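Trainee: Please take one part of this model and go through it closely. I would like a connected account rather than a list.

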Amino acid sequence: MIKKIIAILFVLGTILLMMDVTWAIQVQQEEKKTILFPEKSTKKIKIDGNLDDEVWINPFFSPKFVTCSPAYGQELLENTEIRMAYDKDNLYFAFTCYDEQDKIKTSLSPRDKISNDDYVAVFIDTMGNKQTSYEFYVNPSGIQWDGLNSTSGKDDSVDFVWHSAAKIYSDCYRVEIAIPLESIRFKEDKEVKMGLLFQRSVNHSGSIATWPETGPGQTDFNYMATVVYKDLKPKLKFEILPNFTFNRENVRTENNNWEHTNTSNIGVSVQYGITSSILAEATINPDFSQIESDEFQIEVNQKYPILYSEKRPFFMEGMGALDFGLVQNGMMLSAVHTRNIIDPSWAAKVTGSEGKLSFAVLAAADQSEGKEWSEGVNPNLGKDIFWGIVGGKYNIGSDNSIGFLYSGRHFAGSKNDVVGLDLQYRFFTDIRMNVS
């Protein structure tokens with residue numbers, strides 16, 4: 001017994017020693033990072049791809065983009081000029097991407113379908129905690145692609161509200177991006193510090209490059225530059241979104257006789273920004289009819305159930321706190337799939353970040369199992385499924401985190417409660433441990 005205790009203490013001591021060494025390395029890397037100070041604009045910037053606004057007259061910087069795909073460490077031959085600005089409503093980015101006009105690859109494609117085109121991208125860790133980042137991509141035709149990246153993986157199903165435009169010229173293409181402050185979460189301070197990384201894809205050479213330079217074996221968070229915004233005030237949300245739907249169904253019973261069935265729904269949703277980084281939401285009888293259709297999936301000879309991405313904004317906001325590293329890299333796409341909450345009569349949620357903690361708390365009553373059956377009598381008529389989900393991640397330095405998760409489903413006397421833990425820790429530069 002004593003030998004086992006000594007062995008356990010030895011292992012724990014070794015892990016703690018590695019943590020200290022790793023932390024020292026990370027601090028040294030942090031000190032070498034570039035710090036950017038964008039200019040605050042007092043005039044409105046028009047997003048049209050021309051870059052003729054007064055604010056863009058100011059000096060640009062032309063960083064050295066270095067490839068991360070298909071090989072690391074090669075300097076990109078095509079030059080890129082970057083300009084940055086902000087005002088009380090938006091963060092702005094402008095790119096001039098030099099290349100021969102006939103080599104520029106672009107398309108008028110659906111949103112999020114530009115991975116085979118040339119494009120530029122902005123990755124922003126708005127909380128500065130190396131756990132999550134917003135990603136905004138634009139191709140030379142101005143088509144958008146966005147996602148939410150975390151230490152557990154990337155989610156392309158999210159669709160943020162932002163603005164972009166692009167134009168192709170004889171020797172380059174230009175892109176303008178405006179990111180509304182209402183679409184992102186950040187900590188209010190005199191100097192708001194965010195992590196920042198740019199990416200460029202050059203299709204004709206098959207190269208994807210970044211600035212700052214990234215390397216294999218680590219997340220992008222450990223390479224990001226720091227951007228400092230002064231006097232940046234958050235846009236605290238307060239929205240009331242009422243909804244009303246009416247449906248009339250006509251069924252012919254005889255040649256000239258019809259049966260009419262009318263259904264209606266009245267509901268309301270409320271969003272309120274408790275702080276600049278914490279958002280509360282509540283909804284009663286929500287209407288999700290405005291959500292885009294699910295992508296087609298083949299249902300023949302499926303080894304696993306069909307899994308559609310979550311597209312409902314109420315359930316998407318801040319749910320990166322529920323991601324587990326090993327889950328996304330395995331056969332499961334997510335630790336919690338909120339599409340199982342089919343027809344909520346009400347739901348409430350609080351998400352956000354406080355210090356090093358990112359969290360999400362969700363409660364909902366789902367009436368899908370308590371509805372009338374077309375045939376027979378539903379023994380659970382009028383009963384709701386009660387859902388409770390609590391999750392969070394605590395940053396323990398760099399892109400390391402400890403995560404926790406609770407998910408509960410209670411219905412008609414049955415209960416299903418699940419608790420999970422997640423540890424992601426980088427012992428050395430290229431060695432990272434994930435335990436779930």
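What is the relative accessibility of F61, and what does the residue count as on that basis?

Mentor: The relative accessibility of F61 is 23%, so the residue counts as partly exposed. The cut-off for buried is under 20%, and exposed begins over 50%, which means that a value between these limits is classed as partly exposed. Bear in mind that this is a predicted model.

F61 is best read together with its aromatic partners. The count for the model is 16 aromatic pairs. In one of them, F61 and F198 are 6.4 Å apart from centre to centre, with 55° between the planes, and the pair is classed as tilted. This pair links distant parts of the chain: F61 sits in the loop between β2 (39-40) and β3 (66-69), while F198 belongs to strand β12 (residues 191-202), 137 residues away. The accessibility of F198 is 0%, so F198 counts as buried, whereas F61 is partly exposed.

F198 has another ring partner, F95. These rings are 5.6 Å apart from centre to centre and their planes stand at 80°, an edge-to-face pair. F95 lies in strand β5 (residues 90-98) and F198 in strand β12, so this pair ties together parts that are 103 residues apart in sequence. Both F95 and F198 are buried. The two pairs belong to a wider group, since F61, F93, F95, F198 and W211 form one aromatic cluster.

Now follow F95 outwards. Leaving aside neighbours within four places in sequence, F95 is in contact with twelve residues that can be listed in order: L51, T80, E81, I82, V120, A121, V122, Y173, R174, V175, I177 and F198. One of them, R174, lies over the face of Y169, at 4.8 Å from the ring centre.

The strand that carries F95 is part of a sheet. Five strands form an open sheet of mixed pairing, in the order β2-β4-β5-β11-β10. The edges are β2 and β10 (163-168), each of which pairs on one side only. Within the sheet, β5 pairs with strand β11 (residues 172-180) in the antiparallel sense, over 9 bridges. As one position in that pairing, N90 stands opposite P180 in β11.

The cluster also overlaps with the nonpolar interior. In soluble globular proteins, nonpolar side chains tend to be buried together. Here the largest nonpolar core has 41 residues, and L91, F93, F95, F198 and Y229 touch the most other members. The elements that give two or more residues to this core are β4 (80-86), β5, β6 (119-125), β7 (132-138), β11, β12, β13 (207-211) and β14 (225-230). β12, the strand of F198, gives the most, with 5 residues. Another core lies apart from this one; it has 17 residues, among them A321, I341, A347 and A364.

Between two of the contributing strands there is a polar detail. Q218 lies in the loop between β13 and β14. With a relative accessible area of 14%, Q218 is buried. The side chain of Q218 makes a polar contact with the side chain of N222, at 2.5 Å.

A loop elsewhere in the chain gives a comparison case for burial. N378 is found in the loop between β19 (357-366) and β20 (385-395), and at 7% relative accessibility N378 counts as buried. A polar atom of the N378 side chain lies 3.0 Å from the backbone oxygen of E369. Not counting residues up to four places away in sequence, N378 touches E369, G370, K371 and W373. W373 is placed in the loop between β19 and β20 too, but W373 counts as partly exposed, at 48% relative accessibility. Under the same limit on sequence separation, W373 touches N378 and P379.

For the setting as a whole, the protein has 3 helices and 23 strands. Of its 436 residues, 45% count as buried. Among contacts with a separation of 6 or more, 61% are between residues 24 or more positions apart. The pair of F61 and F198, 137 residues apart, is an example of a link between distant parts of the chain.

Notes
Residues are numbered from 1 along each chain as its sequence is written. This is a predicted model: local features need pLDDT of at least 70, side-chain atom pairs count only at pLDDT 80 or more; totals for chains, interfaces and linings use all residues. Side-chain values use heavy atoms; hydrogens and water are left out. Rings of Phe, Tyr and Trp (its six-membered ring) pair if their centres lie within 6.5 Å; planes under 30 degrees apart count as stacked, over 60 as edge-to-face and the rest as tilted. Helices (H or I, at least four residues) and strands (E, at least two) are DSSP runs, numbered from the N terminus. Buried means under 20% relative accessible area, exposed over 50%, partly exposed in between (1.4 Å probe, protein chains only). A charge sits over a ring if NZ of Lys or CZ of Arg is within 6 Å of the ring centre and within 35 degrees of the ring normal. Two strands pair if DSSP finds at least two bridges between them. A polar contact is a pair of N or O atoms within 3.5 Å; within protein, one must be able to donate a hydrogen and the other to accept it, and residues adjacent in sequence count only if both atoms are side-chain atoms. Contact means heavy atoms within 4.5 Å. A nonpolar core is a set of buried Ala, Val, Leu, Ile, Met, Phe, Trp, Tyr and Cys residues joined through side-chain atoms within 4.5 Å.
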